[in-house]
Amino acid sequence: MLEDGVGDEELTPAAVLFPIVRRSREPTVLLTQRTAHLKDHPGQISFPGGRCESADGSPADTALREADEEIGLSSAHIEIAGYLPEYLTSTGFRVTPVVAMITPPFELRLDAFEVEEAFEVPLSFLLDPANHQQHSLHYRGKLRHYYAMPYGDYFIWGATAGMIMSLYRALEASAP
């Protein structure tokens with residue numbers, strides 16, 4: 001999926017874990033709020049993830065490593081379910097979303113430098129079209145359009161909302 005504003009520049013490979021938690025009541029999605037001082041996407045709501053490193057053998061390896069580093073989520077609780085299409089960002093990344101099922105109970109250890117908070121949102125909320133908003137803003141001299149899914153005090157938008165929309169579209173396309 002191509003984020004509004006992506007040109008033909010070289011993009012940095014990255015991967016995120018799209019963690020769906022198997023809660024008894026209903027599945028949730030585990031998200032993080034990035035700390036305000038970070039260079040890339042400060043204060044934004046995101047999936048655990050980051051740049052691919054040379055030691056990573058695959059996007060799944062990157063996503064698992066980053067989830068462990070950022071929030072202390074052990075791979076023992078993670079079952080990779082599949083991949084969403086690459087998401088190209090206007091901030092210079094080519095992101096592979098790695099969808100995974102997370103089995104509780106688990107304990108998180110947040111990296112205080114990168115992650116302000118971790119929280120869960122019901123998957124049903126994120127997949128409900130009534131919660132899919134379209135917004136726009138001026139960025140780098142151009143009007144950009146993006147999705148947002150406000151949830152309580154959290155404003156889920158940009159690449160994170162775009163990847164959620166990618167899952168939504170994939171599920172809609174596979175529905176009978």
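**T35 and the strand before it**

In this predicted model, a polar atom of the T35 side chain lies 2.6 Å from the backbone oxygen of F113, a separation that falls within the 3.5 Å cut-off for a pair of N or O atoms to be taken as a polar contact. T35 itself belongs to the loop that runs between strand 2 (28-34) and strand 3 (45-46). Is T35 buried or exposed? With a relative accessible area of 3%, T35 is buried, because the cut-off for that term is under 20%.

The strand that leads into this loop can be described in similar terms, for six of the seven residues of strand 2 are buried, and strand 2 is therefore largely enclosed by the rest of the structure.

Which strands pair with strand 2? On the side of the sequence that precedes it, strand 1 (residues 12-21) is joined to strand 2 by a hairpin through six residues, and these two strands pair in the antiparallel sense over two bridges, with T28 of strand 2 serving as the bridge partner of V21. Strand 2 also pairs with strand 8 (residues 115-122), again in the antiparallel sense, and here the pairing extends over seven bridges; within it, V29 has V121 of strand 8 as its bridge partner.

Beyond the loop that holds T35 comes strand 3, which pairs with strand 2 in the antiparallel sense over two bridges, and in this pairing T32 stands opposite S46 of strand 3. Taken together, the loop residue T35 is buried and has a side-chain polar atom 2.6 Å from the backbone oxygen of F113, while strand 2 is paired with strand 1, strand 8 and strand 3.

Definitions and conventions
Residues numbered from 1 in each chain as written. Predicted model: local features only at pLDDT ≥ 70, side-chain atom pairs only at ≥ 80, totals over all residues. Heavy atoms only, no water. Helix = DSSP H or I, 4+ residues; strand = E, 2+ residues; numbered from the N terminus. Buried < 20%, exposed > 50% of the residue type's maximum accessible area, 1.4 Å probe, protein only. Polar contact = N/O pair within 3.5 Å; in protein donor to acceptor, adjacent residues only side chain to side chain. Pairing = 2+ DSSP bridges.
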